[in-house]
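Work through the exercises below with the sequence and the model side by side. Try each task before you read its solution.

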Amino acid sequence: ERLIKLNKTRKLDKLPIMVKPYNATLYQMVNYIKEQFECLTSNVVNKPLDSPLQAGEESAATIENKVYYVDKQNKNIKLSSNDLFLLTNTIEKIIYNEFPKLKEFNSYLKKVAKICNTLNISITWTLPSGLNVNQRYVDFEAIRLKPFRFKKETFSVKIKTNEINKAKQIRALMPNLIHSLDAASLALIVDMFFYSKDDNNGLNFFAIHDCFAVTANNVVKLIKIIKLVYIKIYSEDSYLKKFDQGIIDSIKLQFGNDA
């Protein structure tokens, strides 16, 4: 009941939705939610029933520190860490239930990464802007050095190996793909914004990742261009089909048409 009341008042389901496309783990999502709370520690006295006293002890009771998270807006809502994990896990299931395509997309990208890992090849794709992306995370081998005989200090140096970091390849594909598409969208938006007018003197354009700003007299124009770019990428050109075909072509290029 406390969790339902909290979610209704704070709309915490929006936080996991924002980070889920970036493959945030359950632990990371819980940490995002914890930012909305104040962390308090209270002392709890545990007194076991019929516990015999040891020599020199006055009581068998023990004091245990309990950590709670109190809602900043409603001090009556106090949750434990287990409560927050339960809440986040429930929200994640609701997200996948409300947006089944997200779950299918996530599953598809994991399969793509696993196939490339098995073949020991990079994951490559081409963006709508024409830029080629190559994802290849490799493992590092730590070597400890002791450069001076008269000193005990040692130093650890990480050296790249030829082995692919399979876990990171799988985990990073979705966020890297999304970030790269955001970058491609920005490039296309800037291109259309500045070259759709004969006179570009005095035009101001501001951008931070996937957020854009222009002077007030160009807002309508910017909104129109953003719609056109997103429609072109995600509707007309069927980008995901091209992405899938690009993965297949990359495998055939390296292993032949019989792969």
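A residue is called buried when its relative accessible area is under 20%, exposed when it is over 50%, and partly exposed in between. Keep in mind that this is a predicted model.

**Exercise 1. Check the length of helix α5.**
Task: Compare the expected span of α5 with the distance between its end C-alpha atoms.

Solution:
- Step 1. Helix α5 covers residues 100–119, which makes 20 residues.
- Step 2. The expected span is 1.5 Å times one less than the number of residues. For α5 this gives 28 Å.
- Step 3. The end C-alpha atoms of α5 are 29 Å apart, which agrees.
- Step 4. Look just past the helix. N120 follows α5 and has a positive phi, near 60°.

**Exercise 2. Find the two faces of α5.**
Task: Which residues of α5 are buried, and which exposed residues does the face turned away from them carry?

Solution:
- Step 1. L102, N106, L109, V112, A113, C116 and N117 are buried in α5.
- Step 2. These residues cover an arc of only 135° around the axis, so they lie on the same side of α5.
- Step 3. The face turned away from the buried side carries exposed K101, K103, K111 and T118.
- Step 4. Now find the packing partners. The buried residues of α5 pack against α4 (81–98), β4 (123–126), β7 (155–164), α6 (166–195) and α8 (239–255).

**Exercise 3. Classify two aromatic pairs.**
Task: The structure holds seven aromatic pairs. Is the pair Y108 and F243 stacked, tilted or edge-to-face? Then do the pair F205 and F212.

Solution:
- Step 1. The ring centres of Y108 and F243 are 6.4 Å apart, and their planes meet at 70°. Planes over 60 degrees apart count as edge-to-face, so this pair is edge-to-face.
- Step 2. Place the two residues. Y108 is in helix α5 and F243 in helix α8, so the pair ties together parts 135 residues apart in sequence.
- Step 3. Check accessibility. Y108 is partly exposed at 26%, whereas F243 is buried at 3%.
- Step 4. F205 and F212 have centres 6.3 Å apart and planes at 40°, a tilted pair. F205 and F212 are both buried.

**Exercise 4. Locate charges over rings.**
Task: Over which rings do the charged ends of K78 and K221 sit?

Solution:
- Step 1. The charged end of K78 sits over the ring of Y68, 4.6 Å from its centre.
- Step 2. The charged end of K221 sits over the ring of F193, 4.4 Å from its centre.
- Step 3. Trace F193 further. F193 forms one aromatic cluster with F194, F205 and F212.

How values were computed: Residues are numbered from 1 along each chain as its sequence is written. This is a predicted model: local features need pLDDT of at least 70, side-chain atom pairs count only at pLDDT 80 or more; totals for chains, interfaces and linings use all residues. Side-chain values use heavy atoms; hydrogens and water are left out. Helices (H or I, at least four residues) and strands (E, at least two) are DSSP runs, numbered from the N terminus. Buried means under 20% relative accessible area, exposed over 50%, partly exposed in between (1.4 Å probe, protein chains only). The arc is that of the directions from the helix axis to the C-beta atoms. Contact means heavy atoms within 4.5 Å. Rings of Phe, Tyr and Trp (its six-membered ring) pair if their centres lie within 6.5 Å; planes under 30 degrees apart count as stacked, over 60 as edge-to-face and the rest as tilted. A charge sits over a ring if NZ of Lys or CZ of Arg is within 6 Å of the ring centre and within 35 degrees of the ring normal.
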